[in-house]
Amino acid sequence: MADGRSRQLWGIAASQMALLANLHRDPHKTRRFVPRDFDPHAIPARDTPVEKVSLKILKVVFCR
C-alpha cells in the first residue's frame with residue numbers, strides 16, 4: 001500500500017512539474033515535457049539500443 005501511495009503522489013507531483021516546466025520553456029529550443037520526465041517510478045525510455053559486447057572485456061579490466 002505504501003508503494004501504491006508513493007506512485008500516486010509522484011504521479012500528481014510529476015504532472016504539476018511538467019505543467020510548470022512547459023509554461024517556462026522556449027518552444028523553439030526544447031521539446032515538450034511529459035510527467036514521465038519527472039516521475040522517479042516511471043521506466044525511462046531508451047532512445048538508442050544498448051550495445052551488446054563480450055564479457056571478455058571485463059577480464060581485461062578486472063583481472064591482470
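This briefing walks through the fold, contacts and largest pocket of one protein model. The model is predicted. The protein has 2 helices and 0 strands. Its radius of gyration is 19 Å, whereas a compact globule of 64 residues would have one near 11 Å. Buried residues account for 6% of the 64 residues.

**Overall shape**

- Along the principal axes, the C-alpha atoms fill a box of roughly 55 × 40 × 20 Å.
- The radius of gyration, 19 Å, stands against a value near 11 Å for a compact globule of 64 residues.
- Helix α1 covers residues 2-23.
- Helix α2 covers residues 56-62.
- No strands are present, as the count for the protein is 0.

**Salt bridge in helix α1**

- The structure has 2 salt bridges.
- One of them joins R7 to D3, with the closest N and O atoms 3.2 Å apart.
- R7 and D3 both sit in helix α1.
- They are 4 residues apart, which is about one turn of the helix.
- R7 has a relative accessible area of 42%, so R7 is partly exposed.
- D3 is also partly exposed, because its relative accessibility is 44%.
- Neither value passes the 50% cut-off above which a residue counts as exposed.

**Salt bridge between R31 and D37**

- R31 and D37 meet through their side chains in a salt bridge, at 3.0 Å from N to O.
- R31 counts as exposed because its relative accessibility is 51%, and the cut-off is over 50%.
- D37 has a relative accessible area of 34%, so D37 is partly exposed.
- R31 and D37 are both among the residues that line the largest pocket.

**The largest pocket**

- The largest pocket holds about 150 Å³ of space.
- Its lining consists of R31, V34, R36, D37, D39, A42, I43, P44, A45 and D47.
- By class, the lining has 5 nonpolar and 5 charged residues.
- No polar residues are counted in that lining.

**The aromatic pair**

- The structure holds 1 aromatic pair.
- F33 and F38 form this pair, with 5.8 Å from centre to centre.
- The angle between the ring planes of F33 and F38 is 50 degrees, and the pair is tilted.
- An angle of 50 degrees counts as tilted because stacked planes are under 30 degrees apart and edge-to-face planes over 60.
- F33 is partly exposed, because its relative accessible area is 24%.
- F38 is partly exposed as well, with a relative accessible area of 26%.
- Buried would mean under 20%, so neither F33 nor F38 counts as buried.

**Helix α2 and its distance from other residues**

- L58 is found in helix α2.
- L58 has a relative accessible area of 42%, so L58 is partly exposed.
- Between L58 and H41 there are 31 Å in space, C-alpha to C-alpha, and the two are 17 residues apart in sequence.
- I57 lies in helix α2 too.
- I57 counts as exposed because its relative accessibility is 52%.
- I57 and A42 are 15 residues apart along the chain, and 32 Å separates their C-alpha atoms.
- A42 is one of the residues lining the largest pocket.

Definitions and conventions
Residues are numbered from 1 along each chain as its sequence is written. This is a predicted model: local features need pLDDT of at least 70, side-chain atom pairs count only at pLDDT 80 or more; totals for chains, interfaces and linings use all residues. Side-chain values use heavy atoms; hydrogens and water are left out. A salt bridge is a side-chain nitrogen of Lys or Arg within 4 Å of a carboxyl oxygen of Asp or Glu. Buried means under 20% relative accessible area, exposed over 50%, partly exposed in between (1.4 Å probe, protein chains only). On a 1 Å grid over the protein atoms alone, a cavity is a set of points where a 1.4 Å probe fits but cannot get out, and a pocket is an open set with protein on both sides within 12 Å along at least five of seven lines; lining residues have an atom within 4 Å of a point. Grid points are joined across faces, edges and corners, and a volume is the space filled by probe spheres set on the points. Ala, Val, Leu, Ile, Met, Phe, Trp, Tyr, Cys and Pro count as nonpolar, Asp, Glu, Lys and Arg as charged, and the others, Gly among them, as polar. Rings of Phe, Tyr and Trp (its six-membered ring) pair if their centres lie within 6.5 Å; planes under 30 degrees apart count as stacked, over 60 as edge-to-face and the rest as tilted. The radius of gyration is taken over C-alpha atoms; the globule rule is 2.2 Å times the number of residues to the power 0.38.
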